[in-house]
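Colleague: I'm new to reading structures, and I'd like a close look at a single part. Could you walk me through it slowly?

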Amino acid sequence: MQKKEQGYSSGKTPKGPYIFLITAIVVLLVILLYLVGIMFCPPFAKFALKTPGLSGITNAMVGSLYKEDSFSDGQKKETKTTATDSTTEETGQEGETTLLEYDISRDSSYLNHCIFLGDSRTVAMVTYGYVPEDSTLAEVGLCHVDAERKTYTFNSGLQYSFSTYLETHAADVIYISYGINGVGYTDETTYKESYEQLIEDVLLYAPDSKIVLQSIWPVREGYAMTQKITNANVDAYNDFLYQLAKDKGIYYLDTASVLKDDYNAMKAEYNSGDGLHYNEAGYEAVFSYILSHPVPDVE
């Protein structure tokens, strides 16, 4: 039996190029559908803003179109001045503007007048040596919803409740730095109502202190620790906190603004490795911002 000539033994056309072509067409169609969806389909765009892996690029492309109603689909929030608008005429304590403004007249001694309430991000302030433990009331994993229910035990052995700490630690300035642990894990109504109650109680327990509500710091999405957190939701809750500060007549510190990259996420150089917590370089930026945006009349 005569052999077939080399190169024509199978009599079939190679499938490899066709498979590659079909795959490329499918990928292009998916990308096209994604782009059309975020541009012309608001429900899909809002879904993409909350989806890890898609939220960053979606927010960069169309995030500003949906920022106003990122909490609840179909329910637009009232238009207002944003937290980063330094020309706001809203006033905080003693007639000053709610948003703390740039002022480089303070040095590190300013921190001797301050205490900090918060979660693991506040605990790290002590770890990196920026403030002593006694100047913080904080716990890893703490959500503001539970802050007043905890008993806090210090390395010295002393224990405090939320109220007794504030009543026994008279400070010129109290920084409130909760919020990240509620994003993605607490329903919107509970989040807002409990934060408002927390502020009212701090004002009750520390009537002579000036209160600063600090913005929630951004994250890097796509990590196990941030799988339920998007920077779009962080921004939306920061809008709420800014409005809450105005409503309660207290100060607001937009720390998040100095921690974001061009894609609205935690700067890569500040990432401790899990997308949620900050390294020492991040805290250096935080405290530089605090000192350059101090509460007026506190030296």
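Colleague: Which side chains meet in a salt bridge with an N to O distance of 2.8 Å?

Modeller: Happy to help! Please keep in mind that this is a predicted model. The salt bridge you ask about joins the side chains of Glu200 and Lys248, at 2.8 Å from N to O. That pair links distant parts of the chain, with Glu200 in helix α6 and Lys248 in helix α7, 48 residues apart. The distance fits the rule for a salt bridge, because a Lys or Arg side-chain nitrogen has to be within 4 Å of a carboxyl oxygen of Asp or Glu. By this rule, the count comes to eight salt bridges.

Now look at the two helices themselves. Helix α6 covers residues 188-205 and helix α7 covers residues 231-248. Their axes come within 11 Å and cross at roughly 35 degrees, and the crossing is right-handed. On the α6 side, the residues that meet α7 include Tyr191, Tyr195, Ile199 and Leu203. Among their partners in α7 are Tyr237, Phe240, Leu241 and Leu244. Sorted by class, the contact of α6 with α7 has eight nonpolar residues, five charged ones and no polar ones.

Notes: Residues are numbered from 1 along each chain as its sequence is written. This is a predicted model: local features need pLDDT of at least 70, side-chain atom pairs count only at pLDDT 80 or more; totals for chains, interfaces and linings use all residues. Side-chain values use heavy atoms; hydrogens and water are left out. Axes are lines fitted to C-alpha atoms, for helices over the stretch in contact, and angles run from 0 to 180 degrees between N-to-C directions. Helices (H or I, at least four residues) and strands (E, at least two) are DSSP runs, numbered from the N terminus. A crossing is left-handed if the near helix is turned anticlockwise from the far one by less than a right angle, and right-handed if clockwise. Contact means heavy atoms within 4.5 Å. Ala, Val, Leu, Ile, Met, Phe, Trp, Tyr, Cys and Pro count as nonpolar, Asp, Glu, Lys and Arg as charged, and the others, Gly among them, as polar.
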